Each structure stands twice: as C-alpha cells, then as structure tokens.
Amino acid sequence: MARLPDQPVARVGRAPMGTGRERSGPAERKSLAPRSATITVMIRAAFAAAKNLKRDFGEVENLQVSEKGPGDFVSHADVKAERTLRAELARTRPEYGFLGEEGGETRGDGRNRWIVDPIDGTTNFLHGVPHFAISIGLEREGEIIAGVIYQPISDELFWAEKGNGAYVDTPTARSRRLRVSGRKDPARALVATGIPHLGKGGLDAYLPKLENVAKRTAGIRRWGAASLDFAFVAAGRYDAFFEVGLAPWDVAAGILMVREAGGVVSDIAGKPYELGGPTILASNFGMHQPMIELLA
Ligand code: IPD
C-alpha cells in the first residue's frame with residue numbers, strides 16, 4: 001500500500017495527548033488502518049474543535065426561543081472553532097499556510113496549505129439540525145493530499161490520504177474502507193445536491209438541471225452540508241452529488257474522499273474540476289456519464 005512521505009505511520013484514534021487537555025471524539029478507538037502523522041494531526045485538531053461545537057450546538061437549542069435567535073452565537077461558535085483548528089494545526093505544522101471560511105487566508109511556506117471549514121452546514125447548526133461537519137483538507141503543491149471530515153453529533157470520522165484510501169470510523173465500526181456504490185442505472189440512484197438559496201445566484205440555471213435529475217433518478221437529497229455529501233458518496237450511500245457555487249473549504253477534503261473511494265470528481269460538464277470552480281459533480285464511476293447528460 002502506498003504511503004505518504006510524512007512517516008512515521010501512527011495508529012491512533014482518540015489521541016493520547018500528553019498535554020493534559022481533554023479532547024472530544026470517539027472514546028479509545030485505535031485505527032486499524034495506517035494513518036500518517038499528518039492525518040493524525042488533522043484528526044486531533046478536528047476532535048479539539050468538536051468538543052466546543054457539541055456544547056455550542058446544545059446551547060443553540062436553548063436560543064431558538066429567543067427573539068433574536070442564535071445567529072450571533074453561531075457566528076461566534078464558527079469563528080471560535082476555526083481559531084481552535086488553526087492553533088491545533090499550527091502547533092505541529094507552523095510553516096503551513098491556512099485558508100479558512102471565517103478568517104480568510106494566511107500565507108505559509110508556499111507549498112502546503114490547510115483548507116478548513118469549521119462548521120460546514122452552518123444553517124443546519126443554526127436551526128438545531130444535527131447534520132454538520134468540520135472539514136479539513138491539506139493541499140500540497142496545488143493538489144489535495146489529505147482530508148478529514150468529522151460529524152461530531154453522529155460521531156462519524158471520515159479520512160482519506162492520497163494513494164492510501166478513504167476510511168470511516170463510526171461508533172460501531174473502526175477504520176472501514178470506503179468504497180463508492182456500484183449502481184449505474186439512474187433509475188436506481190440516490191443523488192445529493194445543494195439548491196441555491198437567498199444570497200446565492202444561479203437558481204434559474206440550476207432548476208432545469210434539478211428537474212431533469214429528479215425525473216430520472218430514484219431520489220434527491222438536500223441535507224445542507226456539502227462535505228458530508230461527498231463523504232456519503234464515498235461511502236456508497238449516495239450515488240452522485242452535484243452543486244453550483246461551492247467554495248474551496250466546502251470541497252477540499254470531500255473531493256479526495258470520493259476519489260480515494262474509487263469515485264470520480266469533475267465539473268458538471270465532465271471537465272477537470274479546479275478548486276473553487278463554479279460547478280462540481282462527484283459520483284461513482286458508472287453514474288458519472290449519465291449525470292453529465294442529465295445536467296447538460
Ligand atoms: C454550505 C453547505 C451547503 C451548501 C452551501 C455551502 P457552509 O456551507 O455546504 O450544503 O449547499 O453551498 O455554502 O456555509 O455551511 O459552510
């Protein structure tokens with residue numbers, strides 16, 4: 001099995017920290033799959049941020065009844081989570097650059113860059129819907145080489161490394177290798193998407209595509225956290241996912257997850273996807289061409 005250059009390989013679940021600080025994340029869960037030191041750093045950062053996010057999510061439920069709602073509180077939680085991620089990642093990789101949804105870009109060594117969404121699925125979080133994730137991608141020389149997506153509420157941890165596969169830890173399964181589904185008939189396929197909403201353009205161009213897909217497939221899901229849409233394609237739960245107008249932090253970890261699970265990522269016309277490009281399509285191999293046709 002190919003390994004990333006940053007050895008040694010560690011087998012860790014919940015990190016034995018040595019810093020004395022309490023971590024969130026799954027209880028004593030040793031990985032059965034090889035993880036590089038970099039992936040271990042990413043997972044530890046995600047668990048550290050998740051600890052506060054879980055507490056803040058509980059508070060959001062209380063704030064729903066206030067007149068103002070939890071808006072400001074959630075913005076603060078988002079910024080706080082990004083700060084935690086930034087600090088944790090910088091602790092062992094101080095030279096790496098950082099691009100976050102909340103704090104923007106910090107230039108680093110020009111070679112490595114973390115691409116981070118502290119809460120992907122902010123609208124869900126804001127409304128007390130337990131479907132959101134921390135997403136961390138690592139870009140090296142323009143290519144995503146590692147990704148972690150952690151759903152703190154369901155406690156599902158997805159991770160992938162270039163050339164080393166994609167895996168998931170759940171409360172009941174450890175280091176399960178991710179594989180995209182084998183379905184290639186649109187009539188049997190479950191397709192995820194994101195629908196442009198207030199403040200996002202492109203609804204008029206999007207709707208006929210959605211109509212086409214809806215008429216030809218077994219079902220559409222719009223769950224509101226793109227990183228998890230990718231992870232679910234990688235896990236074979238969805239057969240395809242498409243969206244317009246996603247930002248680099250929404251997709252960085254997810255595109256690697258799908259590719260390492262044997263899936264395909266392109267733009268909706270089937271051309272190579274450039275990070276931050278206007279459209280994206282992720283699917284298993286058999287559904288890729290049918291989706292391109294439905295989205296044309
Ligand atoms: C959003 C989610 C959502 C997608 C939006 C994104 P955010 O990210 O991923 O699923 O439809 O386009 O902006 O704002 O919650 O980090």
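I looked first at how helices H1 and H2 cross, and in this predicted model the crossing of H1 and H2 is right-handed. I noted for myself that two packed helices are described by the angle between their axes and the distance between those axes. For H1, which covers residues 37-63, and H2, which covers residues 71-92, I found that the axes come within 9 Å and cross at roughly 165°. Because angles over 145 degrees count as roughly antiparallel, I wrote down that H1 is roughly antiparallel to H2.

I then looked up which residues bring the two helices into contact, and on the H1 side I listed several, including Val41, Ala45, Ala48, Leu53 and Leu63. On the H2 side, the residues they meet include Phe73, Val74, Ala77, Leu85 and Leu89. When I sorted the residues of this contact of H1 with H2 by kind, they divided into 13 nonpolar, three polar and five charged.

Next I turned to a sheet, which is open, has five strands and mixed pairing, and follows the order E10-E9-E11-E13-E12. I recorded its edge strands as E10 (219-221) and E12 (264-266), each of which pairs on one side only. The twist from one strand to the next averages 15°.

Within this sheet, how many bridges join strand E11 to strand E13? I found five bridges between E11, residues 240-244, and E13, residues 279-283, and the two strands run antiparallel. As one example of how the strands line up, I noted that Ala240 stands opposite Ser283 in E13.

Notes: Residues numbered from 1 in each chain as written. Predicted model: local features only at pLDDT ≥ 70, side-chain atom pairs only at ≥ 80, totals over all residues. Axes fitted to C-alpha atoms, helices over the stretch in contact; angles between N-to-C directions. Helix = DSSP H or I, 4+ residues; strand = E, 2+ residues; numbered from the N terminus. Parallel < 35°, antiparallel > 145°, perpendicular 65-115°, else oblique. Left-handed = near helix turned anticlockwise from the far one by under 90°. Contact = placed C-beta atoms within 7 Å. Nonpolar A, V, L, I, M, F, W, Y, C, P; charged D, E, K, R; others polar. Pairing = 2+ DSSP bridges.
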